[in-house]
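Reader: I am new to this structure. Please pick one part, look at it closely, and explain how its side chains pair and pack.

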Amino acid sequence: MDKGMDTGAVYLREYYDLPTDITTGKLHDWMAEEGAKHLLTVVRDLEHLEAIPQVSEGETYASKWSREDINIIRELNIAEMTANEFCQRVRGLSPWPSAQMSLKGETVKVLMAEPVEGSGDAGTVLHVDKADGFVIAAKEGAVRMITLQRAGKKAVSAPDFLNGFAVEVGESV
């Protein structure tokens, strides 16, 4: 038993290729399943496995987020981010604490978005389609909104979101 947090030897290490569209929530669930499988393997084969010391060089401690940290991290301004940066932040904060942006003065959670081809004034709605949702220009590229959630409502697809929230081409967000 080692002194410190998560400093003991490693008995099994696996590497994974992460899908580019995976969210923190999906990654958490996937790694929980994989970790359980590997834990059983280690327990079963412990006497045949080599204990590999962890390297502490370059490690950092990540403190727990405060409410203030969360409020700063989750508020996104698409006009100041590239399409890839925006979508990566959305995936990293989904489902909790969730990314947020302002649409017509209302705070809306963005639970899934994807970078798409497109250009225009950053922060401007480029395309609206009741069947496909809507696209907003980023600092570089554009973002198609996929899943959104208004305060007090359930998460919905972008086309369903448009049924109850008017978004128009040319609007700034």
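Author: A residue counts as buried under 20% relative accessible area and as exposed over 50%, and anything in between is partly exposed. Glu-114 has a relative accessible area of 29%, so it is partly exposed. The model is a predicted one. Glu-114 is a convenient place to start.

The side chain of Glu-114 forms a salt bridge with that of Arg-144, with N and O 2.8 Å apart. Glu-114 sits in strand β2, residues 106-116, and Arg-144 in strand β5, residues 142-150. The two are 30 residues apart, and their pair links distant parts of the chain. Arg-144 has another partner in Asp-132, at 3.6 Å from N to O. A salt bridge requires these atoms to be within 4 Å, so a distance of 3.6 Å still qualifies. Asp-132 belongs to the loop between β3 (125-129) and β4 (133-137), so its bridge to Arg-144 in β5 ties together parts that lie 12 residues apart in sequence. At 31% relative accessibility, Asp-132 is also partly exposed. Through shared partners, Glu-114, Asp-132 and Arg-144 become one network.

The structure has 6 salt bridges in total. One of them, away from this network, joins Asp-45 to Arg-44, with the closest N and O atoms 3.2 Å apart. Arg-44 is exposed at 59% relative accessibility, whereas Asp-45 is partly exposed at 23%.

The next residue along β5 leads to the nonpolar packing. Met-145 touches Ile-78, Phe-86, Met-101, Val-110, Met-112, Ala-113, Phe-134, Ile-136 and Ala-158, leaving aside residues up to four places away in sequence. Met-145 is also named, with Phe-86, Phe-134 and Val-143, among the residues with the most contacts inside the largest nonpolar core, which has 26 residues. At least two residues of this core come from each of α3 (83-92), β1 (99-103), β2, β4, β5 and α4 (158-164). Helix α3 gives the most, with 4 residues.

Which residues of α3 are buried? They are Ala-83, Phe-86, Cys-87, Val-90 and Arg-91. Around the helix axis they cover an arc of only 130°, so they lie on the same side of α3. Among the elements that cover these buried residues are α1, β1, β2 and β5.

Arg-91 is the charged residue in that list. In general, side chains of opposite charge can pair when their charged atoms come close. Arg-91 is buried but has no salt bridge, and the nearest side chain of opposite charge, that of Asp-21, is 6.6 Å away. The limit for a salt bridge is 4 Å, so a distance of 6.6 Å does not meet it. Beyond its neighbours up to four places away in sequence, Arg-91 touches Thr-20, Asp-21, Ile-22, Thr-23, Thr-24 and Met-112.

After α3 comes the loop leading to β1, and its backbone deserves a look. Most peptide bonds are trans, and most residues other than glycine have a negative phi. The bond from Ser-94 to Pro-95 is cis, with omega near 10°, and Pro-95 lies in the loop between α3 and β1. Trp-96 and Pro-97 are also joined by a cis bond, with omega about 5°, and Pro-97 lies in that loop. Ser-98, also in the loop between α3 and β1, is not a glycine but has a positive phi of about 85°. The relative accessible area of Ser-98 is 0%, so it is buried. Past β1, in the loop between β1 and β2, Lys-104 has a positive phi of about 55° without being a glycine. Lys-104 is partly exposed at 49%.

Aromatic rings complete the picture. Phe-134, one of the core residues with the most contacts, forms an aromatic cluster with Phe-161 and Phe-165. The structure has 3 aromatic pairs. In one of them, the ring centres of Tyr-16 and Trp-30 are 5.3 Å apart and the planes stand at 75°, so the pair is edge-to-face. Tyr-16 is in the segment before α1 (24-45) and Trp-30 is in α1, so the pair ties together parts 14 residues apart in sequence. Tyr-16 is partly exposed at 29%, and Trp-30 is partly exposed at 26%.

Notes. Residues are numbered from 1 along each chain as its sequence is written. This is a predicted model: local features need pLDDT of at least 70, side-chain atom pairs count only at pLDDT 80 or more; totals for chains, interfaces and linings use all residues. Side-chain values use heavy atoms; hydrogens and water are left out. Buried means under 20% relative accessible area, exposed over 50%, partly exposed in between (1.4 Å probe, protein chains only). A nonpolar core is a set of buried Ala, Val, Leu, Ile, Met, Phe, Trp, Tyr and Cys residues joined through side-chain atoms within 4.5 Å. Contact means heavy atoms within 4.5 Å. Rings of Phe, Tyr and Trp (its six-membered ring) pair if their centres lie within 6.5 Å; planes under 30 degrees apart count as stacked, over 60 as edge-to-face and the rest as tilted. The arc is that of the directions from the helix axis to the C-beta atoms. Lys and Arg count as positive and Asp and Glu as negative; His and the chain ends are not counted.
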